[in-house]
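Student: Before any residue is discussed, may the model be shown, so that its helix packing and its loops can be examined in turn?

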Amino acid sequence: MQIRAEHLTKLYGNTTALNDVSLAVEDGELFFLLGPSGCGKTTLLRIIGGFEQPTSGEIYLGGKAAGKTPPSERDTAMVFQGYALWPHLTVRQNIAFGLEMRKLPAAELNARVEQVLKELQIQELADRKPNQLSGGQQQRVALARTLVVHPGGFLLDEPLANLDAKLRRDMRLEIRRICKDNGLTGIYVTHDRAEALSMADRIAVFRNGQIEQIGTPREVYRRPQTPFVANFIGETNLRSGKLLSRESDGSALLETPLGVLRSRVLPDDAKPGESFTLSMRPEAFHILSDGADEANAISVTITNVDYLGEMAEHLSHDAAGGELKFFELNPAGTMRTGEAVRLSIAPDDVVCMKEKK
């Protein structure tokens, strides 16, 4: 089922929760709404599910306007952050509840419940109450209760927020598998970038009730369109830069506090003399050996080293006095505070962005 939002605005008194938001989620797509707390992502999810009404704009489910359709009559089902399981019902009864409300024949109801118990590997939990389950088990029951009604739209509101780190990683794979195996159109709200990057087909990054950027995980991470997106989706170094020239090989030269840097990632309409914000990920830098000469060489002085086993995080100061972070994967040696090193970054990893107005 395709899900579309067209020009949605939601006001709470003088507070604007959503400001003219439009997006389309394609049939069978796992689409993430990512952003900080209070940016409007849960409000949008609740409007799609029918639990909130927009101040203006419309929701389309499968091509049909759904603005006046109550939640019980929409072809959507929602997994809440708090699971919302009935404490007095068994797992089997919790899962069957939505089907009972739809007055399914007993034989079909029982068959569906048994199928989803098996799919989520919780058959042995069927006769337990929620207070006898771990957090991960409760999460599986909440997913099963939603899946059993065969929704066209699968709405998930930070469903992993209450789990520990290992369970969160395990459940990421499980939720994506469930959505893909069942051909569900999923919309998933989170502020966790690792969840979004590892699970999503596409991501919409929200800020202050508006969409900053929509793209695949790789597009949003490697080609952020605004400084906010670059900084929110991952660690980065931001610097100012002025375009000096466009080169015949498609690259561009920019004047920056780090010196003249070459970039291959800038807007098509960029003109000489125009100013940009540059994003350079810490993992994109590599350490130059003595005497090596590469494009975008930068001299820095180490100010702090955090050794993390598989990598080391280095803080440094550049010649202009700005702080620059870079990562060293599989660090073999030991860098010390005060040590001078030379770094290089590929032109493909110097991303030029215009600040969104």
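Tutor: A residue is called buried when its relative accessible area is under 20% and exposed when it is over 50%, with partly exposed in between. The model is predicted.

Student: Which residues of helix 4 are buried?

Tutor: The criterion for burial is a relative accessible area under 20%. In helix 4, which covers residues 135-147, the residues that meet this criterion are Gly136, Gln139, Val141, Ala142, Leu143, Ala144, Arg145, Thr146 and Leu147.

Student: Against which elements do the buried residues of helix 4 pack?

Tutor: Packing is judged here by contact, meaning heavy atoms within 4.5 Å. The partners of the buried residues include two strands, strand 6 (76-79) and strand 7 (153-157). The helices on the list are helix 2 (91-101), helix 3 (106-119) and helix 5.

Student: What span should helix 4 have, and how far apart are its end C-alpha atoms?

Tutor: The expected span is 1.5 Å times one less than the number of residues. For the 13 residues of helix 4 this gives 18 Å, and the expectation agrees with the separation of its end C-alpha atoms, which is 18 Å.

Student: How are helix 4 and helix 5 oriented to each other?

Tutor: Two packed helices are described by the angle between their axes and the distance between the axes. For helix 4 and helix 5 (residues 165-181) the angle is about 15° and the axes are 11 Å apart. Because angles under 35 degrees count as roughly parallel, helix 4 is to helix 5 roughly parallel.

Student: Which residues form the contact of helix 4 with helix 5, and how do they divide by class?

Tutor: Helix 4 contributes Gly136, Gln139, Arg140, Leu143 and Leu147, while helix 5 contributes Leu167, Met171, Glu174, Ile175 and Ile178. By class, this contact of helix 4 with helix 5 comprises 6 nonpolar, 2 polar and 2 charged residues.

Student: What orientation do helix 2 and helix 4 have to each other, and what is the handedness of their crossing?

Tutor: The axes of helix 2 and helix 4 come within 7 Å and cross at roughly 30°. Helix 2 and helix 4 are therefore roughly parallel to each other. The handedness of their crossing is right-handed.

Student: Which residues meet between helix 2 and helix 4?

Tutor: The residues of this contact divide by class, once they are named. Val91, Asn94 and Ile95 in helix 2 meet Val141, Ala144 and Arg145 in helix 4. Their division is 4 nonpolar, 1 polar and 1 charged.

Student: Is Glu29 buried or exposed?

Tutor: Glu29 is in the loop between strand 2 (15-25) and strand 3 (30-34). Leaving aside its neighbours within four places in sequence, Glu29 has contacts that include Lys180, Asp201 and Arg202. Its relative accessibility is 10%, so Glu29 counts as buried.

Student: How far apart in space are Arg223 and Val265, C-alpha to C-alpha?

Tutor: Arg223 lies in the loop between helix 7 (217-222) and helix 8 (227-233). Beyond its neighbours within four places in sequence, Arg223 is in contact with several residues, among them Val265 and Asp348. Arg223 and Val265 are 42 residues apart in sequence, and their C-alpha separation in space is 7.8 Å.

Student: What is the phi of Asn330?

Tutor: Asn330 belongs to the loop between strand 18 (323-329) and strand 19 (340-345). Its relative accessibility is 64%, so Asn330 counts as exposed. Asn330 is a residue other than glycine, yet its phi is positive, near 45°.

Terms used: Residues are numbered from 1 along each chain as its sequence is written. This is a predicted model: local features need pLDDT of at least 70, side-chain atom pairs count only at pLDDT 80 or more; totals for chains, interfaces and linings use all residues. Side-chain values use heavy atoms; hydrogens and water are left out. Axes are lines fitted to C-alpha atoms, for helices over the stretch in contact, and angles run from 0 to 180 degrees between N-to-C directions. Helices (H or I, at least four residues) and strands (E, at least two) are DSSP runs, numbered from the N terminus. Angles under 35 degrees count as roughly parallel, over 145 as roughly antiparallel, 65 to 115 as roughly perpendicular and the rest as oblique. Ala, Val, Leu, Ile, Met, Phe, Trp, Tyr, Cys and Pro count as nonpolar, Asp, Glu, Lys and Arg as charged, and the others, Gly among them, as polar. Buried means under 20% relative accessible area, exposed over 50%, partly exposed in between (1.4 Å probe, protein chains only). A crossing is left-handed if the near helix is turned anticlockwise from the far one by less than a right angle, and right-handed if clockwise.
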